[in-house]
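Reader: I would like to go through this model and ask how its labels are earned.

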Amino acid sequence: MRAATAAMQSAFRRIIADRGVQNVHRDIAPVEEIFRLQRTDETKVNERAYLR
């Protein structure tokens with residue numbers, strides 16, 4: 001958690017300094033990786049099965 005916090009702070013500093021996100025894309029995880037870590041596909045399947 002501490003490492004993630006430091007990385008986010010660094011990324012935000014770069015975004016502010018650059019006035020945009022154009023230079024941080026290569027250094028951050030793609031959205032697809034976040035969805036994989038959160039098991040989004042599995043959650044959607046479970047929602048269809050249990051939230052009728």
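Author: This is a predicted model. A search of the whole structure turns up two salt bridges.

Reader: What makes the contact of Arg14 and Asp27 a salt bridge?

Author: The N to O distance between their side chains is 2.7 Å. The cut-off is within 4 Å, so the pair counts as a salt bridge. The pair links distant parts of the chain: Arg14 is in helix H1 (residues 2–18), and Asp27 is in the loop between H1 and helix H2 (31–37), 13 residues apart.

Reader: Why is Arg14 called partly exposed?

Author: Its relative accessibility is 26%. Buried means under 20% and exposed means over 50%, so Arg14 falls in between. Asp27, at 48%, is partly exposed as well.

Reader: Where do Glu33 and Arg36 lie, and what makes them a salt bridge?

Author: Both lie in helix H2, three residues apart, which is about one turn of the helix. Their side chains meet at 2.8 Å, N to O, and the limit is 4 Å, so this pair qualifies too.

Reader: Why is Arg36 called exposed?

Author: Arg36 has 52% relative accessibility, and exposed means over 50%, so the label applies. Glu33 has 27% and is partly exposed.

Reader: How many helices and strands does the protein chain have?

Author: The protein chain has three helices and zero strands.

Reader: Why is the protein chain said to be more spread out than a compact globule?

Author: Its radius of gyration is 16 Å, and the globule rule gives 10 Å for 52 residues; 16 Å is well over that, so the chain is more spread out than a compact globule. Buried residues make up 8% of the 52 residues.

Key:
Residues are numbered from 1 along each chain as its sequence is written. This is a predicted model: local features need pLDDT of at least 70, side-chain atom pairs count only at pLDDT 80 or more; totals for chains, interfaces and linings use all residues. Side-chain values use heavy atoms; hydrogens and water are left out. Helices (H or I, at least four residues) and strands (E, at least two) are DSSP runs, numbered from the N terminus. The radius of gyration is taken over C-alpha atoms; the globule rule is 2.2 Å times the number of residues to the power 0.38. Buried means under 20% relative accessible area, exposed over 50%, partly exposed in between (1.4 Å probe, protein chains only).
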